[in-house]
Every structure is written in structure tokens, then in C-alpha cells.
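Dear colleague,

Please find below the structure that I am handing over to you. My account of what was found in it follows directly after.

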Amino acid sequence: MINIEKILRHNVLGKLLNHLVVFFINILLVHLLGASGSGPYFNELYVLNFIVFIFSAGLDYAAIALLSQEPLLLTVIRRMMFKTLLFFAVFMSLYIFIILPQYNNYFNQPAVAILLFSVGNLMLIFYQGILSALKKFNQQNLVLVITNAAFLIYLLTIYYTDRFIAISTGNIQLMYAVLFFIQGIILYFLARGSKMQVSVSVSWAVFIRSGIYIMISSLVYFAFLRVDNFFVEKYSDNITLSNYVQCGKIGQYFLYFSSVISSTLLPFIAAETIGKSYLEWRKMMRPYIVLLSAGAIAIALVGKQLFPLLFGKDFTQMYTYMMILLPGFVCLGILTLINAIYIGKGNIRKILTGDIMALILVMVLDTWLVPAYGAAAAAIISSVAYCMLLLYLLTGFKKQFSLPAKRSGIIT
């Protein structure tokens, strides 16, 4: 019998260890790029991530849904993902090296860095999806921890030696992109199946349909979580932007912690192994909700002294914005746990409806208030919107447990 709680616990610990390393990478990048340069750079990466999400077409979620029903589809799904990856690489190459040089008014990082970061991110999305569907969580965690630790050592070497003087910002950005590309390549090989003859196949229509609604919802959700950064970028200085962006990046840990749990449970929910009752879900999630709340309390207690110590003397504004955003971040963490049930049951419509309404609310209020009141207004608007979205999705949540997981006709 599969010990789901043990698998969940190991995956959470592995992912959190990896993201602890990523956290220190982020701190060093802030110091190496400077307080005025790090905010715009991370916003550039958010734009690239948005493009990657579009081309991912939700195929990682489709892989989890389909492979949980028919593991023999692995070879076929890998082949279809690889074709999508090649198409994306060609598209981005044409855009970056032909179109962008003539019309670029935004990106400041090297063209090769844009390409490697984008392709590497798409590979990570695809093949982490496959490895999660195969419940190979420890393998992907080990790869990410080792490669990120190696990159962290590289950054420390630059920062604490004379090489810091010689290396350019563009080279740091390029090496960061190379990191993602290397990770994607390794996970590609780890996601290989056996050489046995595959007896089933899946059409492109079924494959895309299995994930497209989740992809659209994820795009809207991604925009909802990031759009305030771009209003702050437009109406504030780069120092304020960098402070605000780092609040968002710390807030991502609330989502990341919950998304690790959700992605671990998703194959089991899709296969109806768990998620049969609200009481079962609440019992399993209670310790993680407590940890989310404890994390917020810890930040509130030590953040004022800690943020300038970690990021530098220019990050004194960060604590003010973080205190406004913390209630919303806790709500987002709980929201991510709830979304796993909606997705596992195949009920994406309510998630998408809530995300669209929340995005529209944030954009309208940011357009109205941020020009006059700056980053503080953006933080208040976003935090309130995060809490409202959680309340919306809590309505009717218990009913999801009485529904069967939505299954697809996959064999052709």
C-alpha cells in the first residue's frame, strides 16, 4: 500500500531544501545586480515565464492526468512534448535574433540568456510534470538541489573574490539562464521510460484538451500575481521596485510550499486514491496550514531587521510592503491547497472564473490608485484581492468531494 503521507513529507522536505538554496541564490543575485538593477531584471524574467506558460499549453498537467490513468502513454507523451519544445525553441530563436534587435525597448539581458532561460524553463515544466506523474519526486529534487548548490557556489566565488570586479551583469544573467537549461536537459533524460513496445496512443486533441484549461487558468493566475509589479515599475523608482519584487519573491514561498503539496497529491486525487472526503483532506492539510501561518508570524517578528541584513541597506521599504501583503500570502498558500482538489476533480471553471475576476479587480484598482499612492496602494490592493479569491473558492469547496475525478477517453 502506498504511504501517501510519507511521499508527501519527503517531497515537501526535498523541495523546501532546494528552494532554500534558491533563496540564497536570489540574495546573491540582488547584491551582484544591485538594488536598482535586480527589480527590472526579475520583471524581465516574469515576462519570459509568461511566454513559456503559453507554450506549455498545460501539457505538464495533462501528463499527470493521462499517465495516472495509463502509464504506457509515457513514450508517446515524451515524444509529443519534445516536438512542442523544438517548435518553441525555433519560435524563440526567430523572435530573439531577428525581431527583438529591431523592436526591443524592454529587455536588457543578453539574447542568448533569454533563449536558454526560456527553453530551460519549458523543459523544467514538461519533465517535472512527467516525473511527478511517475511519482519520482526524489530524483527531480536531488537534481535541482545539486545544480542549484553548484550555481550558488559559483556566485559566492564571484562575490567574495576579485572576479566580482571583472564579471559583467550580462555574464551573470547568462550563467543564470544556463543553470535552467542544464536542469531541463537532466530532467529530460530522467523522464525516459522503458524501451518496451507501447500499446496505446493519444491524439494531440485529447492531450492538449487535458491541460489547456488549466494552462489558461495558470496564465490568468500568473498575471494576477505579477501584474502589480509592472504598475510599481511604471510609477515608482527602481529601488522601490526592487523592494516590492523581493516581497513578492518571499511571498512565492507560501505558494511554493503549498504547490509542492498539491503537485504531490494531484496524481493520487486524479486516480481517486485520496480526496474522497472533506474531513480526510482537512486532517491531512491542517499541519501545513499551521506552518503557513507560523511562517507569516516569523516574518512579521524579524523581517524589519532581517530584510536590510539579507538584501542590503536599500531594502528598508520592504518590511512595510511585506506587512501589508502577508495576510494575502497566507490566503494564497491555503488557496493553492484548495486548487489541488478542484484540478484533481477536473473542475477548472470556478478557478478560472475567480482568477479572471481577481485579475480585473487588481488591474482596475492599480490603474486608479497606484499612480497617486505608489507601491503601498499596490500592496493593499493585491493583499485584499488574494483574500477575496480564497473566500470565493471556499464557497462550494466541500461539494467537490462528492464528485468523481474527471476522466478522459485517452486510448485511441
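**The second largest pocket**

The second largest pocket has a lining of 18 residues, and those nearest its centre are I250, Y253, F254, G295 and I299. Three elements give two or more residues to this lining, namely α1 (4-33), α10 (238-270) and α11 (278-311). Of the elements, α11 gives the most, with 10 residues. By class, the lining of the second largest pocket holds 15 nonpolar residues, three polar ones and no charged ones. The volume of the second largest pocket is about 510 Å³.

**The model as a whole**

Please note that this is a predicted model. The protein contains 13 helices and zero strands, so that every element in the order from the N terminus is written as α. The protein has 412 residues, of which 53% count as buried. Where contacts join residues at least 6 apart in sequence, 86% of them are between residues at least 24 apart.

**Enclosed space**

Rolling a probe the size of a water molecule over the atoms shows where empty space is left. The count comes to three cavities of 30 Å³ or more. The second largest cavity holds about 140 Å³ of space. This cavity is lined by 16 residues, and L225, R226, G248, F329 and Y386 are the closest to its centre. At least two residues of the lining come from each of α9 (204-235), α10 and α12, and α10 gives the most, with seven residues. The lining of the second largest cavity divides into nine nonpolar, four polar and three charged residues. Helix α10 thus appears in the lining of the second largest pocket and in that of the second largest cavity.

**The nonpolar core**

Which residues of the largest nonpolar core touch the most other members? The core has 133 residues, and the ones in question are I77, M81, Y127, Y176, F207, F224 and F311. Helix α12 (residues 318-344) gives the most to this core, with 17 residues. M81 may serve as an example of the surroundings of one such residue. When its neighbours within four places in sequence are left aside, M81 is in contact with L59, D60, A63, F126, Y127, I130 and F207. Two of these partners, Y127 and F207, are themselves among the residues that touch the most other members of the core.

**Helix α5**

Helix α5 covers residues 111-133, 23 residues in total. From its first C-alpha to its last, helix α5 reaches 34 Å, close to the 33 Å expected at 1.5 Å a residue. Because 20 of its 23 residues are buried, α5 is largely enclosed by the rest of the structure. After α5 comes K135, which has a positive phi, near 60 degrees.

**Residue Q173**

Is Q173, a residue of helix α8 (residues 169-190), buried or exposed? Q173 counts as buried because its relative accessibility is 7%, and the cut-off for buried is under 20%. Leaving aside neighbours within four places in sequence, the contacts of Q173 are L33, Y41, N108, Q109, P110 and A113.

With kind regards

Conventions: Residues are numbered from 1 along each chain as its sequence is written. This is a predicted model: local features need pLDDT of at least 70, side-chain atom pairs count only at pLDDT 80 or more; totals for chains, interfaces and linings use all residues. Side-chain values use heavy atoms; hydrogens and water are left out. A nonpolar core is a set of buried Ala, Val, Leu, Ile, Met, Phe, Trp, Tyr and Cys residues joined through side-chain atoms within 4.5 Å. Buried means under 20% relative accessible area, exposed over 50%, partly exposed in between (1.4 Å probe, protein chains only). Helices (H or I, at least four residues) and strands (E, at least two) are DSSP runs, numbered from the N terminus. Contact means heavy atoms within 4.5 Å. On a 1 Å grid over the protein atoms alone, a cavity is a set of points where a 1.4 Å probe fits but cannot get out, and a pocket is an open set with protein on both sides within 12 Å along at least five of seven lines; lining residues have an atom within 4 Å of a point. Grid points are joined across faces, edges and corners, and a volume is the space filled by probe spheres set on the points. Ala, Val, Leu, Ile, Met, Phe, Trp, Tyr, Cys and Pro count as nonpolar, Asp, Glu, Lys and Arg as charged, and the others, Gly among them, as polar. The expected span of a helix is 1.5 Å times one less than its number of residues.
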